[in-house]
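Please walk through this protein with me, one element at a time. Keep the sequence and the 3D view side by side.

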Amino acid sequence: MIDHCETGIDCIGDVPWGTHVCGFYGTRRDLVDTLTNYFSAGLQNDEFCVLVTSDPLVVEDTRPEFRKAIPHFDRYLNDNQIEIWDYRDWYLRGGHFDADRVFGQWAEKEKKAADDGYKGFRAAGNTAWLTEKDWPDFMAYEAEVDRSFPSHRILGLCTYYTEGCEADSMFKVIRNHQLALACIS
């Protein structure tokens, strides 16, 4: 069994399963380019994929962008190899952020990936929805994700909008991830 996976992101390359990456983006186009490269690699490598969206790339906008950039995207979507979720339905189910519930959802999707015979589970979540009140709980969650992912066949990418992140917040984000990426055009 392969112990690493291709990220689809040229400046990162291949990484071990269990890697937790943060990606900072400056524009919607930066976000789209990063996500389409990342998910294209996962879909082509027979991985189960989950994207959790937030402004500036919402669920309704994701499909057309992915269709343009990822060969055979509709086939992957129809085969349920990729799921696209709105952040309110993933992170804020019940009206608030609950780290234990979100961990349970990731575990459920990882199990689905294994049960369905995929080579691994690739996930990405955009954090533009975060408010100041959610920030401390979310950073604690990110730290726990960073501790737990290495023992799983998961690749995680958390995207952060640079305009919404002060320098000290960026350092907290980077500290809670194994790798950091900045895509700012």
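Start at a cysteine. C158 has a relative accessibility of 10%, so it counts as buried. This is a predicted model, so every value here is computed from predicted coordinates. C158 takes part in no disulfide. The nearest cysteine sulfur belongs to C22, and it is 7.7 Å away. A disulfide would need the two sulfur atoms within 2.5 Å. C5 is also without a disulfide. For C5, the nearest cysteine sulfur is that of C49, 10 Å away. C5 counts as buried, at 3% relative accessibility. Across the structure, the disulfide count is zero.

C22 leads to the next stop, strand β3. This strand covers residues 20–25. Six of its six residues are buried, so β3 is largely enclosed by the rest of the structure. In a regular strand, side chains alternate between the two faces of the sheet. Which residues of β3 sit on each side? H20, C22 and F24 are on one side. V21, G23 and Y25 are on the other. Both faces are covered, and all of these residues are buried.

Now look at the strands that pair with β3. Strand β7, residues 154–161, pairs with β3 in the parallel sense. Six bridges connect β3 and β7. Strand β8, residues 179–183, also runs parallel to β3. Five bridges join β3 to β8. V21 is a handy marker for both pairings. In β7, V21 stands opposite L157. In β8, the bridge partner of V21 is L179.

Move on to helix α1. It spans residues 28–44, 17 residues in total. From first C-alpha to last, α1 reaches 24 Å. That is close to the 24 Å expected at 1.5 Å a residue. How many of the 17 residues of α1 are buried? The count is 12, so the helix is largely enclosed by the rest of the structure. Among the buried residues are L31, V32, L35, Y38, F39 and L43. Polar residues appear in the buried set too, including D30, T34, T36 and S40. After α1 comes D46, whose phi is positive, near 60°.

Two other residues of α1 form a salt bridge. D33 pairs with R29, and their closest N and O atoms are 3.0 Å apart. The two are four residues apart in α1, so about one helical turn separates them. D33 is partly exposed, with a relative accessible area of 35%. R29 is partly exposed as well, at 40%. Side chains of opposite charge can pair when their charged atoms come close.

Helix α2, residues 59–69, holds another pair. Here K68 and E65 lie three residues apart, about one turn of the helix. They form a salt bridge, with the closest N and O atoms 3.6 Å apart. Is each partner buried or exposed? K68 counts as exposed, at 65% relative accessibility. E65 counts as buried, at 9%.

Helix α6, residues 135–148, carries a pair with the three-residue spacing: R147 and E144, about one turn of the helix apart. Their salt bridge brings the closest N and O atoms to 2.8 Å. R147 is exposed, with a relative accessible area of 58%. E144 counts as partly exposed, at 33%. Elsewhere, salt bridges that share partners join R28, R29, D33, D61, E65 and K68 into one network. The whole structure has 13 salt bridges.

Finish with an arginine in a strand. R122 lies in β6, residues 121–126. Is R122 buried or exposed? R122 is buried, with a relative accessible area of 0%. What does its side chain reach at 3.1 Å? The side chain of R122 reaches the backbone oxygen of T7.

The contacts of R122 draw in parts of the structure already visited. Leaving aside neighbours within four places in sequence, R122 touches C5, E6 and T7. R122 is also in contact with Y38, F39, A41 and G42, and these four are buried residues of α1. E47, F48, C49 and V50 are further contacts of R122. L155 completes the list.

Terms used: Residues numbered from 1 in each chain as written. Predicted model: local features only at pLDDT ≥ 70, side-chain atom pairs only at ≥ 80, totals over all residues. Heavy atoms only, no water. Buried < 20%, exposed > 50% of the residue type's maximum accessible area, 1.4 Å probe, protein only. Polar contact = N/O pair within 3.5 Å; in protein donor to acceptor, adjacent residues only side chain to side chain. Contact = heavy atoms within 4.5 Å. Expected span 1.5 Å × (residues − 1). Salt bridge = Lys/Arg side-chain N within 4 Å of Asp/Glu carboxyl O. Pairing = 2+ DSSP bridges.
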